[in-house]
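This report goes through one protein model, part by part. Please look at the sequence and the structure before reading on.

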Amino acid sequence: MQTIEGGCHCGNIRFRLQWPDEGVIPARACSCSFCRPRRATYTSHREARLEAMIADEDGLSRYRFGTATAEFFVCRRCGGVTFAVSEIDGRRCAVVNVFTFDDSDAMEFDVLSTDFDGETVDQRLRRRARNWIPDVNISFSSKRDS
């Protein structure tokens with residue numbers, strides 16, 4: 001098991017990814033109109049664990065689009081798209097943008113292009129339940145006044 005750390009450019013969103021494999025990391029370059037211009041390329045593993053820390057919740061944007069079945073964690077300050085989560089059967093699953101890893105330039109990725117157009121919502125959720133990181137914890141250092 002290796003630990004991969006990363007986050008957005010300004011450091012408001014940080015994460016620690018416990019990754020079960022050494023070597024080449026499989027990644028999927030999403031071709032949707034949100035991910036493609038942001039170079040968002042995601043990885044996940046059924047045995048991985050994601051721990052994310054948000055320093056200032058006011059500096060966080062949670063973005064949903066299309067089927068609204070995934071929530072993208074985007075930094076309001078620097079624009080970093082770090083990870084996305086999906087709630088499936090009461091459990092939070094996630095994918096992480098490999099280009100937000102601290103040492104992404106030194107890592108080797110096996111990047112495949114993906115196109116999920118045409119998937120039904122049910123098909124999409126079943127795929128995520130099979131493939132996304134099943135152990136996700138997100139903590140906040142500061143809370144918004146509600």
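## Confidence

Confidence in the protein is lowest in strand E10, residues 109-114, where the mean is 82. Confidence is highest in strand E5, residues 49-54, at 98. These are pLDDT values, and they apply here since the model is predicted.

For the protein, the mean pLDDT is 90, and 97% of the residues reach 70 or more. As a general caution, predicted coordinates should not be read in detail where pLDDT is low.

## The largest pocket

The volume of the largest pocket is about 440 Å³. Its lining is made up of 23 residues, and those closest to the centre of the pocket are Cys30, Cys32, Phe116, Arg124 and Arg128. Two elements, strand E3 (25-30) and helix H1 (121-131), give two or more residues to this lining. The largest share, three residues, comes from H1.

Which classes of residue make up the lining of the largest pocket? There are 12 nonpolar residues, five polar ones and six charged ones.

## Helix H1

Three residues of H1 are buried: Arg124, Arg127 and Arg128. They are on the same side of H1 because they cover an arc of only 95 degrees around the axis. Strand E8 (81-88) is included in what covers the buried residues of H1.

Two of these names have come up before: Arg124 and Arg128 are also among the residues closest to the centre of the largest pocket.

## Strand E4

Tyr42 is found in strand E4, which spans residues 41-43. Is Tyr42 buried or exposed? Its relative accessible area is 6%, and the cut-off for buried is under 20%, so Tyr42 is buried. Leaving aside neighbours within four places in sequence, the contacts of Tyr42 include Pro26, Ala27, Arg28 and Cys30. Phe72, Val81, Val95, Val96, Asn97 and Val98 are also among them. Tyr42 and Ala29 lie 13 residues apart in sequence, while their C-alpha atoms are 6.4 Å apart in space.

Thr41 also has its place in strand E4. With a relative accessible area of 5%, Thr41 is buried. Once its neighbours within four places in sequence are left aside, Thr41 is in contact with Ala27, Arg28, Ala29, Val96, Asn97, Val98, Phe99 and Val111. Ala27 and Arg28 are thus listed for Thr41 and also for Tyr42.

Terms used. Residues are numbered from 1 along each chain as its sequence is written. This is a predicted model: local features need pLDDT of at least 70, side-chain atom pairs count only at pLDDT 80 or more; totals for chains, interfaces and linings use all residues. Side-chain values use heavy atoms; hydrogens and water are left out. On a 1 Å grid over the protein atoms alone, a cavity is a set of points where a 1.4 Å probe fits but cannot get out, and a pocket is an open set with protein on both sides within 12 Å along at least five of seven lines; lining residues have an atom within 4 Å of a point. Grid points are joined across faces, edges and corners, and a volume is the space filled by probe spheres set on the points. Helices (H or I, at least four residues) and strands (E, at least two) are DSSP runs, numbered from the N terminus. Ala, Val, Leu, Ile, Met, Phe, Trp, Tyr, Cys and Pro count as nonpolar, Asp, Glu, Lys and Arg as charged, and the others, Gly among them, as polar. pLDDT is the predictor's confidence in each residue, from 0 to 100. Buried means under 20% relative accessible area, exposed over 50%, partly exposed in between (1.4 Å probe, protein chains only). The arc is that of the directions from the helix axis to the C-beta atoms. Contact means heavy atoms within 4.5 Å.
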